[in-house]
Each structure stands twice: as structure tokens, then as C-alpha cells.
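Q: I would like a close look at a single part of this protein, followed by an account of how comparable features elsewhere in the chain are arranged. Please take the disulfides as the starting point.

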Amino acid sequence: MEKIILDALQECERAPSAGETKRCVGSAEDMIDFATTVLGRNVVVRSTENVNGAKHNVMIGSVKGINGGKVTQSVSCHQSLFPYLLYYCHSVPKVRVYEADLLDPLSKATINHGVAICHLDTSAWSPTHGSFMALGSGPGRIEVCHWIFQNDMTWAIAD
């Protein structure tokens, strides 16, 4: 438990990465304040609906690019393991945000509605970032996309 708390505190207290704006928040009100400070008042929050499809093969169904799939700005908030509500919220430049239906590959039935974010500029990321280790690449050489998990969320300017 001590390590979990220390990890959360270190993430909240570390200096922002190049181009990143960040804040740890302990309430919905603080999260809204941060998102609207970065993005303005005309925002929409999105999250993956549930955990269906996690750790299983899925098929991607229909995909919708937020803001027409153009490069946009967003604020993502990730739930931290902590004794009380704590979200690590941050905004990084040059992202694309997508919504996608996740389908069962056999029945083709929709099992989830997911939100993904693609980081277009990874040049300031650590060479040992898990994405590079998994994909065999390095900073600035690839875009990195990931799902916004259930209970995490991403805010973007409304379409």
C-alpha cells in the first residue's frame, strides 16, 4: 500500500513533460475546472463504457474521429490508486481522439464502445516507455495509440 501511495504522489509531483499541462484532482469539480481551463467551456467528456473485451480478441467496428479525426487538444484523466478519489489529469499536444465499437469477433455483436487517443508526437517520451518496449520502436519514430479505460476519461472540444 505504501508503494502504491508513493507512486501516485510521485506522478502528481513530477514536473510536466515537454508541452504537457497537468494537475492531480480529488473531485469532479476540480476535474471540470482543469478541463475547461485548458480547453474552454464547450467540452464533451468520453470514456470507454465497460470492461467487456478486455484481455480477449476483439474486432473493431465503426470508428468516429472526434473533431473530424483532425489533430486536436484533449485532457485525459486517469484514476490513481489512492486511499481516496484521485485523478491524474493532463493535456499533451498533437493528439487524435476516436470512438469505436468493439465487436465480438465470432458473432460480430457489439460488446463495448471504446475511446482511444493517439499521441502523434512521442519525441519527448523516454526510450524505455512501455509502448516503445512493446512495439520495438523509440521516441519520435511512431505514433502511440491507446484505449481510455473504463473509469478513466478524456475531455475534448465539442464537435
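Which cysteines form a disulfide with Cys 118 and Cys 145 as the place to look, and how far apart are their sulfur atoms?

A: In this predicted model, Cys 118 and Cys 145 form a disulfide with each other, and their sulfur atoms are 2.0 Å apart. The torsion about the S-S bond of this pair is about 110°, so the disulfide is right-handed. Cys 118 belongs to strand β7, which covers residues 110-119, while Cys 145 belongs to strand β8, which covers residues 144-148, so the bond ties together parts that are 27 residues apart in sequence. The two ends of the bond can also be described by their accessibility: Cys 118 has a relative accessible area of 8% and is therefore buried, the cut-off being under 20%, whereas Cys 145, with a relative accessible area of 46%, is partly exposed.

This bond is one of 3 disulfides that the structure holds. Another of them joins Cys 77 to Cys 89, with an S to S distance of 2.2 Å. The value about its S-S bond is 115°, and the link of Cys 77 and Cys 89 is right-handed. Here Cys 77 sits in strand β4 (residues 74-79) and Cys 89 in strand β5 (residues 87-91), so that the pair links distant parts of the chain, 12 residues apart. As for accessibility, both Cys 77 and Cys 89 are buried.

A further disulfide joins Cys 12 to Cys 24, and its S to S distance is 2.0 Å. With -95° about the S-S bond, the link of Cys 12 and Cys 24 is left-handed. Cys 12 is found in helix α1, made up of residues 2-13, and Cys 24 in strand β1, made up of residues 21-25, so this bond ties together a helix and a strand at positions that are 12 residues apart in sequence. Cys 12 is partly exposed, at a relative accessible area of 22%, and Cys 24 is likewise partly exposed, at 23%. When the bonded cysteines of the protein are numbered in sequence order, the pairing reads 1-2, 3-4, 5-6.

The aromatic rings add a second set of contacts to this picture, and the count comes to 2 aromatic pairs. In one of them, the rings of Phe 82 and Tyr 84 have their centres 4.9 Å apart and their planes at 85°, so the pair is edge-to-face. Tyr 84 has a relative accessibility of 53% and therefore counts as exposed. In the pair of Trp 125 and Phe 132, the ring centres are 5.9 Å apart and the planes lie at 45°, so the arrangement is tilted. Trp 125 counts as partly exposed because its relative accessibility is 21%, while Phe 132, at 1% relative accessibility, counts as buried.

For the wider setting, an unreviewed UniProt entry places the feature "domain: BURP" at residues 1-158. In the model, the end C-alpha atoms of residues 1-158 lie 39 Å apart, and this span is 19% helix and 35% strand.

Methods
Residues are numbered from 1 along each chain as its sequence is written. This is a predicted model: local features need pLDDT of at least 70, side-chain atom pairs count only at pLDDT 80 or more; totals for chains, interfaces and linings use all residues. Side-chain values use heavy atoms; hydrogens and water are left out. Rings of Phe, Tyr and Trp (its six-membered ring) pair if their centres lie within 6.5 Å; planes under 30 degrees apart count as stacked, over 60 as edge-to-face and the rest as tilted. Buried means under 20% relative accessible area, exposed over 50%, partly exposed in between (1.4 Å probe, protein chains only). UniProt positions are given in the numbering used here, feature names are shortened, and annotations may be inferred rather than shown by experiment. Helices (H or I, at least four residues) and strands (E, at least two) are DSSP runs, numbered from the N terminus. A disulfide is a pair of cysteine sulfur atoms within 2.5 Å.
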